[in-house]
Amino acid sequence: MSKFYTFLKYFFITFWTVFVVAPFLWAVSTSFKDFQSVNSKVTYIPWLDFEPTLEGWRVLIKSPAKGGVDIVEPYFNSIFVTCTASLISIVLGTLAAYALSRFTFKAGFVRNNDITFFFISQRIMPPIVLSIPFFIFLSTIGLLDSLLGLVVVYIVLLMPIAVWIMVDFFNRVPKELDETALIDGCNPYQAFYKVVLPNSIPGLIVAGMFCIIFGWIDFFFAFILTFTEVQLLPVKVVALNSSITPWWSLSASALVSVAPLIIVAFIVERYLSKGNLSGALK
Amino acid sequence: MEEQMAKIDLSNISHTYNPLDPKPTYALNPFSMTWENGKRYAILGPSGCGKTTMLNIVSGLVRPSKGEILFDETPVTDLKTEDRNIAQVFQFPVIYNTMTVYDNLAFPLRCREFTKEKIEERVKAVSDTLNLSSFLNSPARKLTADQKQLISLGRGLVREDVAAVLMDEPLTVIDPDLKFRLRRNLKEINEQYKTTLVYVTHDQNEAMTFAENIIVMDQGEIVQVGLPKDLFEKPKTTFVGYFIGSPAMNIFHSTVSSDHEVKIHDTTIKTNSNLGNLKDKNVKLGIRSEFIELAEKERSNTVKIKLTRVEDFGNFKLLTGKMGDLVVKSKVEREKPIPEGDLNLYFPPEKCCVYSDEKLV
C-alpha cells in the first residue's frame, strides 16, 4: 500500500514537473533558433538538430532604427512602476490593515469587516469596469501616458491585496503583544514598528510578493493608459508580434520577463521555509 | 534610582464593554479598593468574573466606564498605559519573537532609556533569579513555553521602579515543580524589593499560599477581601464558602427558631450569630467540614447522620453522610475509628455561619 502510495506520489510530482518545466525548455530552445529552424522540420536539440543563434536575444536590446525592438526601456519602466507601486501599497496597506485589525470602526452600519471587504471588492470587479474611470481620471489630472499615472493606478490595484493579506496576518498576531509593548513603555507607534512589525515580516513578504507579481504581470491597464511616451514590458512584448511571428525573440522576451518573478520566488521561498511563519504566542 | 512604588486606589470603579447599549451589562460592578504599597494580593474567582478587566483597568489597557484610579493620591485614570509604570504578565507567554532573550528582558528598560550598565545589571539579576542566564543569547522564539513565560515574567520584574506587577494567571503553562519554586521566588522578590504584586488566579491554593490579602470576585462583584484565615473561617457569602476550601463549605437550608438558634429539619443548632430580627425566616447554615467533630453520643448541637462514604486522603479521612436529603461532609483525623451506621456529628457554635440572602449575618 505504502509502496503504491510512494509510486503515485512520485508519478504525480514527475508529471507536474514536466508539465511546468516543458514550456520553459521549449522557450529556451526556441529563443536560440532562427526562421529556418522554427519553420522547417521539428527540432529540439541545439547543435544536433539546429544551429543555435543569438539573433532572437540581440533584437531585444537593439534600437528600432537598427531593426531591433529595444525592450530595455520598457523593462526598467516596468521595474520602476511595479516596485514603486508595491512599496507604497505595502506601506499604506499595512497601516490600514493594522488599524482595521486593532481598532473598532463604526459609521452607520459599516464595521471593520465591511471596510476590509470594500478593499477586497476592488479586486473582485472586472478590471474593464475601472478602465473608463481611470482613463478620464488620469487625463483630467494630466497623467495619462506617464509613469506616475501608472504608479497611481497600480497602487489602487495592489493596495487591496496588501490590506487583505495583512489584516488576516495582524488578526493572528495576538493583541497581547501590542499591550505588552505598551506596558513595557512603548507608545502606540513604537509598539507598532518595534514589536508588531518585526513579528509580521513573513506577512509583509507574502503581501509584497503578491503585489510584485500582480503589478508585474498587468497588461490591461498598461495597454489602455499608455500610448507612445511610456511603455511597460507586457505591452512591448505583445507588440513584438507581427505578420510573421518572431518565435525566437518572443521566446527570449518571455524568458527575460519571467526572470524577475523567478528570482523573487526563490528569495521568498527561502525566507518562508525558515519557519518564520510560526506564531508569536505560545 | 528613585523609588516609585505607589499605593493604588481604585475609587468607585465600574466597567461595561457595551456602554452604548440601553441596558449595558457590567463586567465590573461599582467598587472601591486600596492596594497598599509593597503587599501581595491575589484576585480569586471563577472564569469571567471580571478579574482580568480589573487588571486591565489598573494597567490602563481598559479605561473604566466610571470611577477613578489613583497612584499615591494622583489620578491616573486618563494616563496612557506606557506612562503608568505598571508591569503586567498575561496568562500565555508573550515574547518578542524577533529578539534574543537578553533583548526581550532589556526591552522595558530600553524603552525607558536606562543606561547600558544599569540594563546589564538588571537583566543579569533577573535572569539569575529566573534561571535564564544560559539562554540570554538565544533567540527567544526557540525556548519552550514555560521558559517563554519566564521571559514575560522577567520583563515585569526587570523594572525596579514599577508601581505594581500585575499577573494574570501567569503560571498556567508552567509545570508544578517550577510553579512552586517560582511562587517562592515571587514572594522573595516582593520581600526584597517591596514591589506590590497582584496575582490573578482561579486556583485557591495558589492564592492562599501566595498572597497576604485575597480578593474574591464573582460575577463582576467583589465578594470579600481578607486574609486567607478570614476567608476560610468566616466566608462573607455562601459563594466564598463554596469557592474556598476543599471540600466546599457544608451549607444547609434552615429556619431561624430563636435569637441564636436555627433548625435544620428537626434538629436545633446553636450559633453565635445574633438572629433576633430574622425569626422564622429561611436562612442557610454554613460550617466547614474541618470544624465538624465526631460525637460519641447525642447531645446539644449534634446532628444524626447516616454514613454513606468514607474516603481516605492519607492525611485525613473525609466522611460523607446524609441527614434526610441533606449531605454532610466532615474531615476527621486519619487515626480516628469510625463507627458503623449512624453517626453523631457536633457543630461547634462559634464555627457556624448563618447566611440570609446568601450573605453572612
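Just after helix α2 of chain B, B:Glu113 takes a positive phi of about 55°, a value that, like everything described here, belongs to a predicted model. The helix that precedes this residue, α2(B), spans residues 101–111, and eight of its eleven residues are buried, so that it is largely enclosed by the rest of the structure. The buried positions are B:Val101, B:Asn104, B:Leu105, B:Ala106, B:Phe107, B:Pro108, B:Leu109 and B:Cys111, and they pack against two other helices of chain B, namely α3 (116–129) and α4.

The second of these partners, α4(B), covers residues 145–157, and its axis comes within 7 Å of that of α2(B), with a crossing angle of roughly 30°. The two helices are therefore roughly parallel to each other, since angles under 35 degrees count as such, and the crossing is right-handed. On the α2(B) side, B:Val101, B:Asn104, B:Leu105, B:Phe107 and B:Pro108 take part in the contact, and they meet B:Ile151, B:Gly154 and B:Arg155 of α4(B). By class, the residues of this contact comprise five that are nonpolar, two that are polar and one that is charged. An α-helix has 3.6 residues a turn, so residues three or four places apart point the same way. With that in mind, the reader may follow B:Val101, B:Asn104, B:Leu105 and B:Pro108 along α2(B), each of them part of the contact with α4(B) and each of them buried.

A helix pair in chain A offers a second case. Here α4(A), residues 72–102, and α7(A), residues 147–172, have axes that come within 6 Å and cross at roughly 40°, which makes α4(A) oblique to α7(A). This crossing, too, is right-handed. The residues that form the contact of α4(A) with α7(A) divide into 22 nonpolar and eight polar, with no charged residue among them.

From these helices one can step back to chain B as a whole, which contains eight helices and 21 strands and whose C-alpha atoms fill a box of roughly 75 × 50 × 35 Å along the principal axes. Of its 361 residues, 41% count as buried. Among the contacts in chain B that link residues at least 6 apart in sequence, 65% join residues at least 24 apart.

The domain assignment divides chain B into domain 1, residues 8–238, and domain 2, residues 246–360, and the centres of these two domains, taken over C-alpha atoms, are separated by 39 Å. Where they touch, five residues of domain 1 of chain B are in contact with nine residues of domain 2 of chain B, and the side contributed by domain 1 has one nonpolar, two polar and two charged residues. Chain A is likewise divided into domain 1 (2–66) and domain 2 (72–239), and in this chain 35 Å separate the domain centres, again taken over C-alpha atoms.

What remains is the contact between the chains, in which 17 residues of chain A are in contact with 20 residues of chain B. On the side of chain A, the elements that give two or more residues are α8 (175–183) and α9 (188–199), and α8(A) gives the most, with six residues. By class, this side of chain A has nine nonpolar, four polar and four charged residues.

How values were computed: Residues are numbered from 1 along each chain as its sequence is written. Chains are lettered from A and ligands numbered from 1 in the order in which they are written. This is a predicted model: local features need pLDDT of at least 70, side-chain atom pairs count only at pLDDT 80 or more; totals for chains, interfaces and linings use all residues. Axes are lines fitted to C-alpha atoms, for helices over the stretch in contact, and angles run from 0 to 180 degrees between N-to-C directions. Helices (H or I, at least four residues) and strands (E, at least two) are DSSP runs, numbered from the N terminus. Angles under 35 degrees count as roughly parallel, over 145 as roughly antiparallel, 65 to 115 as roughly perpendicular and the rest as oblique. A crossing is left-handed if the near helix is turned anticlockwise from the far one by less than a right angle, and right-handed if clockwise. Two residues are in contact if their C-beta atoms, placed from the backbone, lie within 7 Å. Ala, Val, Leu, Ile, Met, Phe, Trp, Tyr, Cys and Pro count as nonpolar, Asp, Glu, Lys and Arg as charged, and the others, Gly among them, as polar. A residue is buried if 20 or more other C-beta atoms lie within 10 Å of its own, exposed if 12 or fewer, and partly exposed in between; C-beta atoms are placed from the backbone. Domain bounds come from an automatic or database domain assignment.
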